[in-house]
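Biologist: Could you take me closely through the salt bridges of this model, one pair after another, with the place of each partner in the chain and its exposure?

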Amino acid sequence: MTSSKQTILESIRSHTTEQFACPDLTALEASAVSYPDPVAQFKASLAAAGGRAVELAPGQSVGQLVALLYPQAARVANTVANLSGAEALPGQPFNPDTIEQPGQLNGTDVAIIASNLGVAENACCWIADTVRHRAIYFIAEALVIVLSKHHIVSNMHQAYHQLPDPTAAPFGCFISGPSKTADIEQALVFGAHGAREVTVVITDAR
């Protein structure tokens, strides 16, 4: 069965009369911003975007940190396999992949997700579609993103070279800080169309 998306894309292709080669971005990549300490810059960029980056203390697990930051959380969705300290998570932790309908994820207080790529210049985290319902990335009140400090690059040029083949990973997105908008009356509102809070837990894992 052909989807509406496929129909639209096929129509665009059939009406495209001239194609152009992708531009050579070598010069831009050579002059792209680079940081001596990408981790420190990532933290600063995330703070500027309204989020926060936290490094685990010695001996501290991710579960313990989540319990410390969100002690009142009742519904905690964990998508990270073998999460350190999962037994310490607050409230009622659950695997969102066991939920039948994405609408049932409404009311999730915290969602714990993993990223294998962070960008220092804008604090973006690449989130791949590894869950049953991608709504969990946007419906939770707070996101906790687990990211290794060894997977943080300086700029988007470097990041794009590390993205997976789109045929192997048809969906993915960059998330940087909490959802926010200032379109209405120039009043900054958090949680406009996604999480109200974003915490990136920076680990030393490789």
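Modeller: I will start from one residue of these pairs, bearing in mind that the model is predicted. Arg52 has a relative accessible area of 33%, and because partly exposed covers the range between under 20%, which is buried, and over 50%, which is exposed, Arg52 counts as partly exposed. The partner of Arg52 is Glu197, and the closest N and O atoms of this salt bridge are 3.8 Å apart, a separation that falls within the 4 Å allowed for such a pair. Arg52 belongs to strand E1, whereas Glu197 belongs to strand E12 (residues 197–203), so the contact ties together parts of the chain that are 145 residues apart in sequence. Glu197, for its part, is also partly exposed, at 38% relative accessible area.

Strand E1 takes part in another of these contacts, since Glu55 in strand E1 (residues 52–55) is paired with Lys43 in helix H3 (residues 38–48). The side chains of Lys43 and Glu55 meet in a salt bridge with an N to O distance of 2.4 Å, and the pair links distant parts of the chain, with the two residues 12 apart. Lys43 is partly exposed, its relative accessible area being 28%, and Glu55, at 36% relative accessibility, is placed in the partly exposed class as well.

Next to Glu197 in the numbering comes Arg196, whose side chain meets that of Glu141 in a salt bridge, at 2.7 Å from N to O. Here the partners are in loops: Arg196 lies in the loop between strand E11 (189–190) and E12, and Glu141 in the loop between helix H5 (136–139) and strand E7 (142–148), so that this pair ties together parts 55 residues apart in sequence. Arg196 has a relative accessibility of 48% and therefore still counts as partly exposed, the exposed class being reserved for values over 50%. Glu141 is partly exposed too, with a relative accessible area of 36%.

The pairs described here are among the 6 salt bridges that the count gives for the model. Taken together, they include a contact between strands E1 and E12, one between helix H3 and strand E1, and one that joins two loops.

Methods. Residues are numbered from 1 along each chain as its sequence is written. This is a predicted model: local features need pLDDT of at least 70, side-chain atom pairs count only at pLDDT 80 or more; totals for chains, interfaces and linings use all residues. Side-chain values use heavy atoms; hydrogens and water are left out. Helices (H or I, at least four residues) and strands (E, at least two) are DSSP runs, numbered from the N terminus. Buried means under 20% relative accessible area, exposed over 50%, partly exposed in between (1.4 Å probe, protein chains only).
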